[in-house]
Amino acid sequence: MSKAPVKTSSLKKAFLIAAALATTTSALAAGKLEIFSWWAGDEGPALEALVKLYKEKYPSVAVDNATVTGGAGTNARAVLKTRMLGGTPPDSFQVHAGQELIGTWVVAGRMEDLSSLFKSEGWTKAFPADVVKLISSKGGIWSVPVNVHRSNVMWYNPDKLKAWGVSVPKTWPEFISTCATLKKKGVAAPLVVGENWTQQHLWENVMIGTLGTQNWENLWAGKLKFTDPKVVGAFTTFGKVMDCANKDASGLSWQQASDRIVSGQSAFNIMGDWAAGYFTTTKKLAPGKGFAWATAPGTSKTFVMLADSFGLPKGVKDRAEAINWLKLLGSKAGQDTFNPLKGSIAARIDSDLSKYNTYSRSAATDWKNSKIVGSMAHGAVAPETFTSAFGAVIDQFVATRNSAGAAAAAQALAVRSGFGK
Amino acid sequence: MKRLSKDRLWAIAVLTPSILLIGIFVYYFIGRTIYVSLTDWGNDPAQALALNPIIRWVGLQNYSELFGGFLQGRFRQELVNTLFFTLFFILGCLGVGLGLALVLDRNPKGEGLWRTIFLFPMSLSFIVTGTIWRWMLQPQGGVNQAPTLLGGQPSTFAWLSSNDSALKFDWNALPLITASVVGVVLIVVAVRAAREVNRARMLVAAVCAALLIGWAVLIGPRVKMLPTPELHGFNFAIIGIIIAAVWQMSGYTMALYLAGLRGIPEELREAAKVDGSNDSQMYRHVIFPLLSPITLSAMIILGHISLKIFDLVYAMAGPDNVAASVPALNMYLTSFRQNQFALGAAIGTILLILVAFVIVPYLANQFRGEEGHA
């Protein structure tokens, strides 16, 4: 019995010496930084430009770009989970800003508070107050937003609208009557939607446009219940909007749905502003001619945002390098390098607008002048537990059109996810 | 008792590592999953991914949530989907496989080439099959456009996105339906036992049947698993997935059947011919009975594939398409996207039990057979 402790302690000592040797040698050689993201393909060059900027500033650091491909990061999040649970967190990882991080990793006590970094870098003033509110909870600020996308945009084909003789609807009731007019003129599906997440995207736009921003915020703070008559009524409106949509939705990607605007098969599409990049770059259309945009009905003075951001997990190997990385991401130079390439706008309000295209400039102007709220479909206001199960609620609703049932299911989900009590 | 010869020692030494590894990585993990399914790990998001999560024992709560919880209608639809998928998938594979094998058994020209072509789909992974068939079953394009080649209107069948369904039943009536079915089976058993003059068996079966039917008539209609009626049925969206799965696996059943057909000695066929049977009589009375063990093993293999199917559905219908979802997909989403590990483990355990229903009788049969030979 007495021998065992001696043995372990000597073993431990040997191990410690080995570990110390290993860390000193690696520190002597160069620093290291591992960045974990889902930016590949179209978004790859933007990330590479950032990494290049980092290497210019810190030439001795070896940057390991660990990208896990897959739309909206669903694969990356699964890989991230196994790494975090396995005790080898990446030095800094990409996550949608807001509850996607807070509801999953912050509540579990796995992230470092970045408040002091925000203070020392002056970011609390550089970013809009609404955004800082979205990425804060429990007295901490948890991630650095790199870019901002807008989700409440309605895309249309201006020539076609003229040919049909309809104008852009400003509210959802107006949208529904425009839809009836278009149907009479032989447009089978005035609105085009795609697979499930694009329907959730449409849902949140109908909700915000019907309920208003204050109620939308209350919904996610647990102050307004989903079973409230107002919300049930908004669900009914959503059902009527879905009556205007194509019947083959679940087989279409968002790009295929956007194609129907170009071809004139459908009049309207509600999609995030990454569609602008698709229209101009892939489809070679001129903004304002081949395609045009307006804010989604009922949300004219609102900016529904989603953002990619990076956080700092607890217990990472290269903490100092990771903090330098975060500093770069939040800086004006970093954001103005990244965003024009990514097709998004900077989260900072002092960005250099001359670097951006027509659409982005209009979005950046709205970013400074609108009320900012978070997107549910893209992880800003609801935790993963909610968003991931909500897909089934929407699917059920689209099949049955039962507003009260869907509202009750959403409320039960909210309670389970810990914010609807 | 046998002596520990050198040979036996060697055998033990060689086998021990794999027994240990299987013990840990298969059986320990099965046990661990069952244990997790009886806790509340992940039901509170704050504890799901914490460094030292507080995990409480909750007994069968996750299971009652799955079968009767308001939010888990999706899981119940998936169980029904699995039932219909398994049924049509197995029937399809056996039918197509047997048909192809019978054709090839007649030694057509280029038999080897045909065999390769029919067996080829099996070499693809389900994710590839799923992607290809997803393209072909696109709502606007693919097979729906086929009639236009002949100048007709394109068809409009929503292969993977249909929400229509047939054979609907209320989930609340499930205990009633189960009791009635089992009751009827027991009555049949009792009648058979009576014919064979096996009094004990007849009595037991008759009493059980009477109890079940009595329960079904008197108490069953009042049992409510859910506060509201919930309809489930055979969704037409699964038809596309069944077609792809049959396309992939029927070559395999063909190979099994072909091996069986070739294994039937020529003498038996000749004897049948000498006895004056024509072709169809020979197949019915001589060849098909000899193929029945092959049918059984094909059913077992196809059955467990259909229960654990995941990638095909993921590629074809996507993760959020409730109408065409399956439990394995839900388990993945629940555990790794919603971080509800206990609930995911419960779905996993239910899948394990379902697979056990298929595999255990087969294994028992195999072992009995081997002992018989020994």
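Is Glu111(B) buried or exposed? That was my opening query, and I found Glu111(B) to be buried, with a relative accessible area of 15%. The cut-off I used is under 20% for a buried residue. A reminder to myself before going on: this is a predicted model.

**Entry 1: the partners of Glu111(B)**

I looked for what the side chain of Glu111(B) meets, and found a salt bridge with Arg262(B), where the closest N and O atoms are 3.3 Å apart. Glu111(B) sits in helix α5 (residues 111–119) of chain B and Arg262(B) in helix α10 (residues 237–263) of chain B, so this pair ties together parts that are 151 residues apart in sequence. Unlike buried Glu111(B), Arg262(B) is partly exposed, at a relative accessible area of 39%. I then followed the links outward and came to a network of salt bridges made up of Asp105(B), Glu111(B), Arg115(B), Arg262(B) and Arg269(B).

**Entry 2: two further salt bridges**

I counted over all chains and got 21 salt bridges for the structure. One of them I noted in chain A: the side chains of Asp259(A) and Lys283(A) meet at 3.3 Å, N to O. Asp259(A) belongs to helix α13 (residues 254–263) of chain A, while Lys283(A) is in the loop between α14 (274–282) and β9 (292–295) of chain A, so parts 24 residues apart in sequence are tied together. I checked how open each partner is: Asp259(A) is partly exposed at 24% relative accessibility, and Lys283(A) is partly exposed at 33%.

Back in chain B, I wrote down the salt bridge between Arg76(B) and Glu230(B), with 2.8 Å between the closest N and O atoms. This pair links distant parts of the chain, 154 residues apart: Arg76(B) is in helix α4 (residues 73–105) of chain B, and Glu230(B) is in the loop between α9 (199–218) and β2 (231–235) of chain B. Both Arg76(B) and Glu230(B) are buried.

**Entry 3: chain B as a whole**

Next I stepped back to take in chain B. I listed 15 helices and 2 strands in its secondary structure. The C-alpha atoms of chain B fill a box of roughly 75 × 75 × 55 Å along the principal axes. Of its 374 residues, 39% count as buried. I also looked at contacts in chain B with a separation of 6 or more, and residues 24 or more positions apart account for 73% of them.

**Entry 4: Phe236(B)**

I picked out Phe236(B), which is found in the loop between β2 and α10 of chain B. Phe236(B) is partly exposed, with a relative accessible area of 25%. Leaving aside neighbours within four places in sequence, I found Phe236(B) in contact with Phe157(B), Trp159(B), Ser162(B), Asp164(B), Ser165(B) and Ala166(B). For a sense of scale, I took the C-alpha separation between Phe236(B) and Ala13(B), 223 residues apart along the chain, and got 54 Å.

**Entry 5: where the chains touch**

How many residues of chain B are in contact with chain A? I found 29 residues of chain B in contact with 34 residues of chain A. The area buried between the two chains is about 2600 Å², and carbon and sulfur atoms give 50% of that. I searched for salt bridges between chain B and chain A and the count was 0, but I did get 7 residue pairs in polar contact. On the side of chain B that touches chain A, α2 (45–48), α14 (327–336) and α15 (341–373) of chain B each supply at least two residues. Among these, α14(B) gives the most, with 3 residues. I sorted the residues of that side into 15 nonpolar, 10 polar and 4 charged.

**Entry 6: the nonpolar cores**

I went looking for the largest nonpolar core, which has 139 residues; Trp203(A), Trp220(A) and Trp325(A) touch the most other members. Beyond its neighbours within four places in sequence, Trp203(A) is in contact with several residues, including Trp216(A), Trp220(A), Phe226(A), Met376(A) and Ile394(A). Apart from this core lies another, of 61 residues, among them Phe75(B), Leu137(B), Ile305(B) and Leu329(B).

**Entry 7: helix α11 of chain A**

Trp216(A) and Trp220(A) came up again in helix α11 (residues 213–221) of chain A, where the buried residues also include Thr213(A), Asn215(A), Asn218(A) and Leu219(A). I noted what covers them: α10 (196–211), α12 (229–243) and β10 (302–311) of chain A are included. Just after α11(A), Gly222(A) takes a positive phi of about 80 degrees.

Technical notes:
Residues are numbered from 1 along each chain as its sequence is written. Chains are lettered from A and ligands numbered from 1 in the order in which they are written. This is a predicted model: local features need pLDDT of at least 70, side-chain atom pairs count only at pLDDT 80 or more; totals for chains, interfaces and linings use all residues. Side-chain values use heavy atoms; hydrogens and water are left out. Contact means heavy atoms within 4.5 Å. Buried area is the accessible area (1.4 Å probe) that two parts lose on being put together, summed over both. A salt bridge is a side-chain nitrogen of Lys or Arg within 4 Å of a carboxyl oxygen of Asp or Glu. A polar contact is a pair of N or O atoms within 3.5 Å; within protein, one must be able to donate a hydrogen and the other to accept it, and residues adjacent in sequence count only if both atoms are side-chain atoms. Helices (H or I, at least four residues) and strands (E, at least two) are DSSP runs, numbered from the N terminus. Ala, Val, Leu, Ile, Met, Phe, Trp, Tyr, Cys and Pro count as nonpolar, Asp, Glu, Lys and Arg as charged, and the others, Gly among them, as polar. A nonpolar core is a set of buried Ala, Val, Leu, Ile, Met, Phe, Trp, Tyr and Cys residues joined through side-chain atoms within 4.5 Å. Buried means under 20% relative accessible area, exposed over 50%, partly exposed in between (1.4 Å probe, protein chains only).
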